[in-house]
Amino acid sequence: MTRSRFPRGCLGAALIMAVASAPAAAQHLGDNEVRGAALSGEWQNEQGIVTRGPDGKVIFLYGEVQPSVVCSPLQVCDIELQPGEIVQDVLIGDTVRWKVEPATSGAMGAQAVHLILKPSEAGLETSMVVTTSRRTYHIKLTSHHSQYMARVGFDYPENINAAFAEINARIEASIVPGAGVPADQLNFAFQVSGTAGWRPTRIYSDGQKTYIQFPSAISGQDAPVLFVVSGGQNRIVNYRMNGTMMVVDYYIDHAILVAGVGNKQQKIAIRRGG
């Protein structure tokens, strides 16, 4: 019987080649791992909302999905972060064929950090994680032979909420206390005559009710009594005190506020009209 002989070292090489050519063993994932990977894939592959910002900037809503930034060889992609945000770490999956360089813009104290991305060739895909003083960015990077996003930026949910809060604050500031409507819908044309420590500081009406604002010194004291003058007589109408505000269920033309009795009585007259 003839035995075939391998030159020295050939047997080991053959075994290595056989092992290398054998199909890889199937990798088993648990139920939670499969579900977790699927959930992550949904977030990574969702399209999300992309809008155009100033100067041709492509705007993603931060946190909605994983943004996909397209770059091209021999071009640069500029990812601009929020002004005042301090970058702590930049981690990129393919550090050989993707280069990232920092840049800044803006005045001191409100500078924005820019991440300048350069792929070495087309058809690449990788991911990048950027940690800052405010948040963490997870970004997918793709290279194309001709298409690319020159400028990329983000809208932030907290900025949107702050904008709405500012609008609401301006609206509330224009609402006059008590009436609950903007000042331009009220009539402030009331004349006040007489002297008293509790003399009203402001009177206005929405056309149905009249609001009489007293100074804060009236707190803890008995409020004056209101009489509406009609047909030459003093008539009592429904009203109530709300803190230092008297809300009268009547559109006053002429009224009198009275406090005290005898020689200590004080009166304030109110008339509608400029």
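How many salt bridges does a search of the whole structure find? It turns up nine. Keep in mind that this is a predicted model.

Here are three of the pairs, with the distance between their closest N and O atoms.

| Acidic residue | Basic residue | N to O distance |
|---|---|---|
| D94 | R97 | 2.8 Å |
| E101 | K118 | 3.8 Å |
| D253 | R272 | 2.2 Å |

Let's take D94 and R97 to start. D94 is buried, at 13% relative accessible area, because that value falls under 20%. Its partner R97 is partly exposed at 35%.

Now for E101 and K118. E101 sits in strand 6 and K118 in strand 7 (residues 112-119), so their salt bridge links parts of the chain 17 residues apart in sequence. Both ends are partly exposed: E101 has 38% relative accessibility, and K118 has 32%.

D253 and R272 do a similar job elsewhere. D253 is in the loop between strand 17 (245-248) and strand 18 (254-259), while R272 belongs to strand 19 (residues 266-272), so this pair ties together parts 19 residues apart. D253 is partly exposed at 44%, and R272 is partly exposed at 30%. There's also a network: D55, K57, E80 and R151 are joined by salt bridges that share partners.

On to the sheet. Six strands make an open sheet with mixed pairing, in the order 1-2-10-4-7-6. Strand 1 (50-52) and strand 6 (98-105) are the edges, each pairing on one side only. On average, neighbouring strands are turned by 30 degrees against each other, direction ignored. Strand 2 (residues 58-61) runs parallel to strand 10 (residues 151-155), with four bridges between them. Within that pairing, F60 has F154 as its bridge partner.

Notes: Residues numbered from 1 in each chain as written. Predicted model: local features only at pLDDT ≥ 70, side-chain atom pairs only at ≥ 80, totals over all residues. Heavy atoms only, no water. Pairing = 2+ DSSP bridges. Helix = DSSP H or I, 4+ residues; strand = E, 2+ residues; numbered from the N terminus. Axes fitted to C-alpha atoms, helices over the stretch in contact; angles between N-to-C directions. Salt bridge = Lys/Arg side-chain N within 4 Å of Asp/Glu carboxyl O. Buried < 20%, exposed > 50% of the residue type's maximum accessible area, 1.4 Å probe, protein only.
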